[in-house]
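Student: I would like a close look at a single part of this predicted model, with its surroundings described carefully enough that I can follow them in the viewer.

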Amino acid sequence: MTKATNWTPGPGPELGFWAYGSAGGYYLLISSRADFAKYFSCTTGPQLVTGWNYLVLHREQFENIAGDSWANTMVRMRI
């Protein structure tokens, strides 16, 4: 699922948001470009439950693909 967003991460090391899904883990992409030419990727753990989950991820959990920057406004999120 891909969602449009208009989100500029704050200065802190943690990112938090709600996600609805099934039990297991998620593979998450966050990008400052609509075409995902550069993005951050992260895999969450299997502790998630079916329904709403509040995810708190740390920036160091993300891999930077093609040089995106946390200073950019993130315009797409894909789970």
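In which loop is Phe36 found, and what can be said about that residue and the strands on either side of the loop?

Tutor: Phe36 is found in the loop between S3 and S4, and, as this is a predicted model, what follows describes computed geometry. The backbone of Phe36 has a positive phi of about 55 degrees, although the residue is not a glycine. Most residues other than glycine have a negative phi. Phe36 is buried, because its relative accessible area is 9% and buried means under 20%.

A second residue with a positive phi offers a useful contrast. Ala66, which is likewise not a glycine, has a phi near 70 degrees and lies in the loop between S6 and S7. Ala66 counts as exposed because its relative accessible area is 57%, whereas Phe36 is buried at 9%.

Two charged residues also deserve attention here. The side chains of Arg33 and Asp35 meet in a salt bridge, with 2.8 Å from N to O, and a search of the whole structure finds 1 salt bridge. Side chains of opposite charge can pair when their charged atoms come close. Arg33 counts as partly exposed, because its relative accessibility is 36%.

Turning to the strands that the loop connects, S3 covers residues 27–31 and S4 covers residues 39–43. These two strands pair in the antiparallel sense over 4 bridges, and within this pairing Ile30 stands opposite Phe40 in S4. S3 also pairs with S7, again in the antiparallel sense, over 3 bridges, and there Ser31 stands opposite Arg76 in S7. Of the 5 residues of S3, 4 are buried, so this strand is largely enclosed by the rest of the structure. S4, for its part, is joined to S6 by 3 bridges, and these two strands run antiparallel; Phe40, the residue that faces Ile30 in the pairing of S3 with S4, stands opposite Asn64 in S6.

These pairings belong to an open sheet of 5 strands, whose order is S1-S7-S3-S4-S6 and whose pairing is antiparallel. Its edge strands are S1 (2–7) and S6 (63–65), each of which pairs on one side only. On average, neighbouring strands of this sheet are turned by 25 degrees against each other, with direction ignored.

The strands beside the loop also take part in the largest nonpolar core, which has 15 residues; Phe17, Leu28, Ile30, Leu55, Leu57, Phe62 and Trp70 are those with the most contacts inside it. S2, S3, S4, S5 and S7 each supply at least two residues of this core, and S2 gives the most, with 3 residues.

S2 and S5 appear again at the surface, where Trp18, Tyr20, Trp52, Tyr54 and Val56 form a nonpolar patch with about 640 Å² of accessible area together. S2 (14–21) and S5 (51–58) each supply at least two residues of that patch, and S5 gives the most, with 3 residues. Tyr54 has its place in S5 and counts as partly exposed, because its relative accessibility is 46%.

Methods. Residues numbered from 1 in each chain as written. Predicted model: local features only at pLDDT ≥ 70, side-chain atom pairs only at ≥ 80, totals over all residues. Heavy atoms only, no water. Patch = residues over 30% accessible without salt bridge, like charges linked within 9 Å, V, L, I, M, F, W, Y side chains within 5 Å. Areas by Shrake-Rupley, 256 points an atom, 1.4 Å probe, with all protein chains shown as cover. Salt bridge = Lys/Arg side-chain N within 4 Å of Asp/Glu carboxyl O. Buried < 20%, exposed > 50% of the residue type's maximum accessible area, 1.4 Å probe, protein only. Pairing = 2+ DSSP bridges. Axes fitted to C-alpha atoms, helices over the stretch in contact; angles between N-to-C directions. Core = buried A, V, L, I, M, F, W, Y, C linked by side-chain atoms within 4.5 Å.
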